[in-house]
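Here are some informal notes to read alongside the structure. Keep the 3D view open and turn it as you go.

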Amino acid sequence: MKLKSLLTLALTFALGASVSFAEEDTQLTKEMKIVNKNLRTLKRQVEDASKKDENLALIDASKKSIDASLKLEPMKTKDVPAAEKAAYLDKYKAQMNDLAKSFAELETAVKAGKADDAKKVFEKLSEQKEKGHKDFAPEE
């Protein structure tokens with residue numbers, strides 16, 4: 001009986017923890033998760049010519065999420081001193097615009113059926129992701 005109560009208590013805590021983590025997602029985090037998920041899918045199937053339309057739809061959805069993200073602010077903005085906030089947000093928007101340009105390059109490569117060009121863009125996107133997370137993602 002004690003084991004059953006203990007397991008119930010553990011399960012309750014586990015569910016509560018997962019719900020609290022889900023509630024911490026900001027709109028920006030949600031948009032970036034869409035971009036990241038689409039990017040992973042694109043990497044796996046970009047060479048498959050039969051999935052061209054699906055790939056273009058994934059790119060379009062990612063571009064929409066990036067556009068939505070441009071209107072948002074990173075969570076770390078609240079920790080930036082007021083005097084530096086404008087420069088910080090300008091840097092964020094510049095990196096997001098660069099990300100949008102990279103997705104436009106990826107779209108061009110996919111439309112042209114150039115998987116090698118797409119792979120080069122994936123490398124660029126990976127670097128942009130790493131830099132963006134370093135500069136703007138909250139520490140976990």
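1. Before we look at how helices pack, one idea to have in hand: a helix axis is a line fitted to C-alpha atoms, over the stretch in contact, and the angle between two axes runs from 0 to 180 degrees, taken between their N-to-C directions. Also keep in mind that this is a predicted model.

2. Now the overall picture. The protein chain has five helices and zero strands, so read along the sequence you get the pattern α-α-α-α-α. Out of its 140 residues, 30% count as buried. Take the contacts between residues at least 6 apart in sequence: 65% of them join residues at least 24 apart.

3. Let's zoom in on α2, which runs over residues 27-45. With its 19 residues, this helix reaches 28 Å from first C-alpha to last, close to the 27 Å expected at 1.5 Å a residue.

4. Which residues of α2 are buried? They are L28, E31, V35, N38, L39, T41, L42 and Q45. These residues sit on the same side of α2, because they cover an arc of only 165° around the axis. A handy rule goes with this: an α-helix has 3.6 residues a turn, so residues three or four places apart point the same way. Over on the other side of α2, K37 and R44 are exposed.

5. What do the buried residues of α2 pack against? Their partners are α3 (52-70), α4 (82-112) and α5 (115-136).

6. The pairing of α2 with α3 is a good one to check by eye. Their axes come within 9 Å and cross at roughly 155°. Angles over 145 degrees count as roughly antiparallel, and α2 and α3 are therefore roughly antiparallel to each other. The crossing of α2 past α3 is left-handed.

7. If you'd like to see the side chains at this meeting place, try picking out some residues. From α2, those that meet α3 include L28, M32, I34 and V35. On the α3 side, the residues met by α2 include L58, I59, A61 and I66.

8. Last stop: S102, in helix α4. Is S102 buried or exposed? S102 is buried, because its relative accessible area is 1%, and buried means under 20%. Leaving aside neighbours within four places in sequence, S102 is in contact with V121, K124, L125 and Q128. For one more distance to check, look at S102 and F122: they are 20 residues apart along the chain, and their C-alpha atoms are separated by 8.6 Å.

Notes:
Residues numbered from 1 in each chain as written. Predicted model: local features only at pLDDT ≥ 70, side-chain atom pairs only at ≥ 80, totals over all residues. Heavy atoms only, no water. Helix = DSSP H or I, 4+ residues; strand = E, 2+ residues; numbered from the N terminus. Expected span 1.5 Å × (residues − 1). Buried < 20%, exposed > 50% of the residue type's maximum accessible area, 1.4 Å probe, protein only. Arc of directions from axis to C-beta. Contact = heavy atoms within 4.5 Å. Parallel < 35°, antiparallel > 145°, perpendicular 65-115°, else oblique. Left-handed = near helix turned anticlockwise from the far one by under 90°.
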